[in-house]
Protein chains: 2
Amino acid sequence: MDDSYWMWGKNASHPRILHAMIRVRNLDRSLDFYCNKLGMKVISQTDFEQGRFTIVFVNFSDDFDSGAIELTHNWDGAEDYHHGSGYGHVAIGVPDLAAFHMRLTKLGVEFTVEPKVMIAGAPPLAFVRDPDGYSIELIQTGGYVET
Amino acid sequence: MDDSYWMWGKNASHPRILHAMIRVRNLDRSLDFYCNKLGMKVISQTDFEQGRFTIVFVNFSDDFDSGAIELTHNWDGAEDYHHGSGYGHVAIGVPDLAAFHMRLTKLGVEFTVEPKVMIAGAPPLAFVRDPDGYSIELIQTGGYVET
């Protein structure tokens, strides 16, 4: 087992939000989306032989000091997961949403909501879906003009 | 509108995971759980009169620099949300899980999984449910003895 699986970054002295976990059907497909397309990195990947599942942590950093997404792949999962009505999305902040949109579009990612300013004074937002249909919100965090 | 709603912390130059959004039926009940019980703070609360919903960001910090949970309350939501089979949980790291467990138990929080070491060498974990039934994982991030 990869020791780093149990490392949670340097900030262990205060409570903090670590990650959100989602179950994915096809790990290669998900890693292509989160890493090759969104630009995250794999922080750790651990196979649990006995439980027959794999856990992969991905985020934009090289460590666990910032929030992560935990992808759980059950080896014997037979059916697509359903998403219910309660969970909404995971939000990702990007410095330049227009550039990010152009990059993702070229890579074949489909936007369910194209970038737009939804509310006056707010930054541009957009939504994409990951390969399992989870909703990912993209929020521009830098350089927009306040109105 | 609270200006802070559109502030995303000081780190706007790189992509990063900002928050996970969940829909909640009763905001007072959820804030009691996340703030009074888990110990988070309200970073911003914004009412959207036209859309008839309220958004509250909570986390353990005073700002958006660390990950947050976005609680969305639809004013006219009539039924409980269902959680589906895909989303798993949001994980919170705590320095001392035994102390956290004692505190939450005194406050009436029900544990779906009591604190235990699930895998040799791993830190103690536990699970609670929030008032809407969302699963929250608690992971000890400090001071456990590696085996």
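A polar contact is a pair of N or O atoms within 3.5 Å. Keep that cut-off at hand for the exercises below. The model is predicted.

**Exercise 1. Which residue caps the N-terminal end of H1(A), and how far is its side-chain oxygen from the backbone nitrogen of Asp28(A)?**

Step 1. Find the cap. Asn26(A) caps the N-terminal end of H1(A).

Step 2. Read the distance. A side-chain oxygen of Asn26(A) lies 3.1 Å from the backbone nitrogen of Asp28(A).

Step 3. Go to the other end. Just after H1(A) comes Gly39(A), with a positive phi of about 95 degrees.

Step 4. Turn to chain B. There, Asn26(B) caps the N-terminal end of H1(B), and its side-chain oxygen is 3.1 Å from the backbone nitrogen of Asp28(B). Gly39(B) follows H1(B) and has a positive phi, near 95 degrees.

**Exercise 2. Which residues of H1(A) are buried?**

Step 1. List them. The buried residues of H1(A) are Leu27(A), Ser30(A), Leu31(A), Phe33(A), Tyr34(A), Cys35(A) and Lys37(A).

Step 2. Look at helix H1 of chain B, residues 27–37. Its buried residues include Leu27(B), Phe33(B) and Lys37(B).

Step 3. Set this against the whole chain. Chain A has 147 residues, and 52% of them count as buried.

**Exercise 3. Describe the order of elements in chain A.**

Step 1. Count. Chain A holds two helices and eight strands.

Step 2. Read from the N terminus on. The order is β-α-β-β-β-β-α-β-β-β.

Step 3. Ask how far contacts reach along the sequence. Take contacts in chain A between residues at least 6 apart; 53% of these join residues at least 24 apart.

**Exercise 4. Is Thr54(A) buried or exposed?** **Then describe its surroundings.**

Step 1. Place the residue. Thr54(A) sits in strand E3 of chain A, residues 53–59.

Step 2. Apply the cut-off. Thr54(A) has a relative accessible area of 4%. Buried means under 20%. Therefore Thr54(A) is buried.

Step 3. Find its polar partner. The side chain of Thr54(A) makes a polar contact with the side chain of Trp75(A), at 2.7 Å.

Step 4. Add other neighbours. Leaving out residues up to four places away in sequence, Thr54(A) touches several residues, among them Leu27(A), Gln45(A), Asp47(A) and His73(A).

**Exercise 5. Why does Val128(A) count as buried?**

Step 1. Place the residue. Val128(A) belongs to strand E7 of chain A, residues 125–129.

Step 2. Check its area. Val128(A) counts as buried because its relative accessible area is 0%.

Step 3. Look for partners. Beyond residues up to four places away in sequence, Val128(A) touches Phe33(A), Leu104(A) and Tyr134(A), among others.

Step 4. Compare sequence and space. Val128(A) and Val113(A) are 15 residues apart along the chain, and their C-alpha atoms are separated by 6.9 Å.

**Exercise 6. How do the two domains of chain A meet?**

Step 1. Set the bounds. Domain 1 of chain A covers 16–74 and domain 2 covers 90–140. Their C-alpha centres lie 20 Å apart.

Step 2. Count the residues. In this contact, 16 residues of domain 1 of chain A meet 14 residues of domain 2 of chain A.

Step 3. Read the area. The two domains of chain A bury about 1,200 Å² between them, with 67% of it on carbon and sulfur atoms. In domain 1 of chain A, the residues that lose the most area to domain 2 are Phe33(A), Lys37(A) and Leu38(A), together 45% of what that side buries.

Step 4. Find the charged link. The count between the domains of chain A is one salt bridge. The side chains of Arg29(A) and Asp132(A) meet in a salt bridge, at 3.3 Å from N to O.

Step 5. Add the polar contacts. Seven residue pairs are in polar contact across this domain interface of chain A.

**Exercise 7. How many residues does each chain give to the contact between chain B and chain A?**

Step 1. Count. The contact takes 51 residues from chain B and 51 residues from chain A.

Step 2. Read the area. Chain B and chain A bury about 4,300 Å² between them, 66% of it on carbon and sulfur atoms.

Step 3. Check the links. Between chain B and chain A there are zero salt bridges, but 24 residue pairs are in polar contact.

Step 4. Sort one side. The residues of chain B that touch chain A divide into 29 nonpolar, 18 polar and four charged.

Key
Residues are numbered from 1 along each chain as its sequence is written. Chains are lettered from A and ligands numbered from 1 in the order in which they are written. This is a predicted model: local features need pLDDT of at least 70, side-chain atom pairs count only at pLDDT 80 or more; totals for chains, interfaces and linings use all residues. Side-chain values use heavy atoms; hydrogens and water are left out. Helices (H or I, at least four residues) and strands (E, at least two) are DSSP runs, numbered from the N terminus. Buried means under 20% relative accessible area, exposed over 50%, partly exposed in between (1.4 Å probe, protein chains only). A polar contact is a pair of N or O atoms within 3.5 Å; within protein, one must be able to donate a hydrogen and the other to accept it, and residues adjacent in sequence count only if both atoms are side-chain atoms. Contact means heavy atoms within 4.5 Å. Domain bounds come from an automatic or database domain assignment. Buried area is the accessible area (1.4 Å probe) that two parts lose on being put together, summed over both. A salt bridge is a side-chain nitrogen of Lys or Arg within 4 Å of a carboxyl oxygen of Asp or Glu. Ala, Val, Leu, Ile, Met, Phe, Trp, Tyr, Cys and Pro count as nonpolar, Asp, Glu, Lys and Arg as charged, and the others, Gly among them, as polar.
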